[in-house]
Amino acid sequence: MKGAGVSVEDRWHHKGTRERTKDYGRGKRWRVRNRGARTQSFAKQTAAKAYDNKVNAELLKGLQPFDHAAGKILFSEYVAKWLKDQIYDSGAYRSVESHIRNHLLPTFGHRRMCDIHTSTVVEWWAAMCTKTSRTGEKYSASTLESVYVYLGSILRSAVGKVIAVHPFDGWDVVIPKRDRAVRDIWEHERVTTVIGALPERERPIGLLSATCGHRPSEALAVALEDVNRFRKEVTIRHQVKRVKGKLVLTPPKGGKTRTVPIADVALTALDKHVAEYGTTTIRCTCCQKDWQIIFTDPRGKLICDSEWSKTFWHPAIKVVGLRPGRTTGRHNFRHYFASRLIEGSQRHRGASIQQVRDYMGHASIKTTSDIYGHLFEQAHERARSLMDDMFSADVYPLRTAEGR
């Protein structure tokens, strides 16, 4: 590594001589060149050596040299550039932009990037953990985790460009655990009542989520080619999402295609719907193939999930005395499907956690366990009770008492 002062060059004289260069008398005399750092020029040799010493000190600490002047950019300006480089669909982009606007810009927006230190982040995080929404409720653990990750990603991308070191990499932050357990699984009667309250044309959409576990946007993307009537399976390949203001077919969440069994009642409902309303051929932007989409609006266009919910789902759940909200969305049908898989019936054994993970399209078993772990515990308790009933107390203890 170069020592202090070795990187300092005299622009006005040739190296080691008093012979003047062609730049003599023009511009700043002293120039500092360091690998990985922006070349800087100074009028005085003392200033040049001070800068060179600073850069070399950073190298000794294992930091990547960068242009310190660039760190004067405001956080709000840097974030605007950062967002342009991210690849999100329109829905995800709106979510990220909203989190940044509501939770990061109020604290960091007016600050220069070089002025964001660990203490700044610690103070912000403490405020976030006690911050309440407009309804007076504290923000969920998932929201806190998201904004923390976004801030970390933004600052990590700035290292070596406008900041020397990440302000909180290695900081042992405590993020509240997500309480993902589903505590209120809808009863079968409620599910069937809500499905019955939907208009006849829309009924199969809700039925698919309740009997096959489709996510709301996935149920709207089912194609004729997805259904295998011989094997009684449906493959979930797409979802309907709004990208750049246009509804299109995109891969499911996480890009994870899955195949699940389809009940006869759902097959019959799909056949009846196709016979009455037909299908619409729509080209997928991700796979560049044409698909015969089963559910479209009367104009033959893809259906927007949020608009469908407002128009059909909200009136349907009001029939059973529920109010539209975060806890009464269409995911309740999906949770109902998972709970029936786990519990099984007298004739059919419940599904394993691995099967539930595959049918639900979860990224990992941990996700499945976090959401439905309490249902598996209940299934274990039922199994224990079943064994107690089969091996009643007046049989086995008697034999052991006799020493047999």
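Two strands pair if DSSP finds at least two bridges between them. Keep that in mind for the hairpins on this tour. The model is predicted.

**Stop 1: a short hairpin**

Select residues 239-243, strand 6, and residues 246-250, strand 7. The two strands run antiparallel, and 5 bridges join them. Now pick Arg242. Which residue in strand 7 is the bridge partner of Arg242? The partner is Leu247. Next, look at the turn. Strand 6 and strand 7 form a hairpin with 2 residues between them. Click Lys244 in that turn: Lys244 has a positive phi of about 55°.

**Stop 2: a second hairpin**

Move to strand 9, residues 280-283, and to strand 10. Strand 10 covers residues 290-293. These two strands pair in the antiparallel sense, over 4 bridges. Select Arg283 and look across to strand 10: Asp290 stands opposite. How many residues lie between strand 9 and strand 10 in their hairpin? There are 6 residues between them. Find Gln288 in the turn, where phi is positive at about 55°.

**Stop 3: the sheet of strands 1, 2 and 3**

Select residues 8-10 for strand 1 and 40-42 for strand 3. Add residues 30-32 for strand 2. Together they make an open sheet of 3 strands in the order 1-2-3, with antiparallel pairing. Strand 1 and strand 3 stand at the edges, and each has a single partner strand, so one side of each is left without a neighbour in the sheet. Now turn the view to see the twist. Neighbouring strands here are turned by 30° against each other on average, with direction ignored.

Zoom in on strand 1 and strand 2. They pair in the antiparallel sense over 3 bridges. Pick Glu9 and look for Arg31 in strand 2: the two stand opposite each other. Show the side chains too. In a regular strand, side chains alternate between the two faces of the sheet.

**Stop 4: the sheet of strands 4, 5 and 8**

Select residues 227-228 for strand 4 and 258-261 for strand 8. Add strand 5, residues 233-236. This is an open sheet of 3 strands with the order 4-5-8 and antiparallel pairing. Which strands stand at the edges? Strand 4 and strand 8 do, each with a single partner strand, so one side of each has no neighbour in the sheet. Strand 5 runs antiparallel to strand 8, and 4 bridges join them. Click Thr235: its bridge partner in strand 8 is Thr259.

**Stop 5: helix 4 against helix 5**

Now for helices. Select residues 118-130, which form helix 4. Add residues 141-158, which form helix 5. Helix 4 and helix 5 pack at an angle of about 160°, with their axes 11 Å apart. Angles over 145 degrees count as roughly antiparallel. Helix 4 and helix 5 are therefore roughly antiparallel to each other. Helix 4 passes helix 5 in a right-handed crossing. Show the contact. Helix 4 brings Val121, Trp124, Trp125, Met128 and Cys129, while helix 5 brings Leu144, Val147, Tyr148 and Leu151. By class, this contact has 9 nonpolar residues, no polar and no charged.

**Stop 6: helix 2 against helix 5**

Keep helix 5 and add helix 2, residues 75-85. Here the angle is about 90°, and the axes are 11 Å apart. That makes helix 2 roughly perpendicular to helix 5. From helix 2, Phe75, Tyr78, Val79 and Trp82 meet Leu151, Ser153, Ile154, Ser157 and Ala158 in helix 5. The residues of this contact divide into 7 nonpolar, 2 polar and no charged.

**Stop 7: helix 6 against helix 7**

Select residues 188-197, helix 6, and residues 203-212, helix 7. They pack at about 155°, with axes 8 Å apart. Helix 6 and helix 7 are therefore roughly antiparallel. Helix 6 passes helix 7 in a right-handed crossing. Val191, Ile195 and Gly196 of helix 6 touch Arg203, Gly206, Leu207 and Ala210 of helix 7. This contact has 4 nonpolar, 2 polar and 1 charged residues.

**Last stop: confidence**

Colour the chain by pLDDT. The mean is 80, and 75% of residues reach 70 or more. Among the elements, strand 10 has the highest mean, 95, and helix 14 (residues 396-401) the lowest, 48. Select residues 1-5, where pLDDT is below 50. Beyond near neighbours in sequence, that stretch has 13 contacts in the model. Then select residues 398-404, also below 50, with 1 such contact. Where pLDDT is low, the predicted coordinates should not be read in detail.

Key. Residues are numbered from 1 along each chain as its sequence is written. Side-chain values use heavy atoms; hydrogens and water are left out. Axes are lines fitted to C-alpha atoms, for helices over the stretch in contact, and angles run from 0 to 180 degrees between N-to-C directions. Angles under 35 degrees count as roughly parallel, over 145 as roughly antiparallel, 65 to 115 as roughly perpendicular and the rest as oblique. A crossing is left-handed if the near helix is turned anticlockwise from the far one by less than a right angle, and right-handed if clockwise. Contact means heavy atoms within 4.5 Å. Ala, Val, Leu, Ile, Met, Phe, Trp, Tyr, Cys and Pro count as nonpolar, Asp, Glu, Lys and Arg as charged, and the others, Gly among them, as polar. pLDDT is the predictor's confidence in each residue, from 0 to 100.
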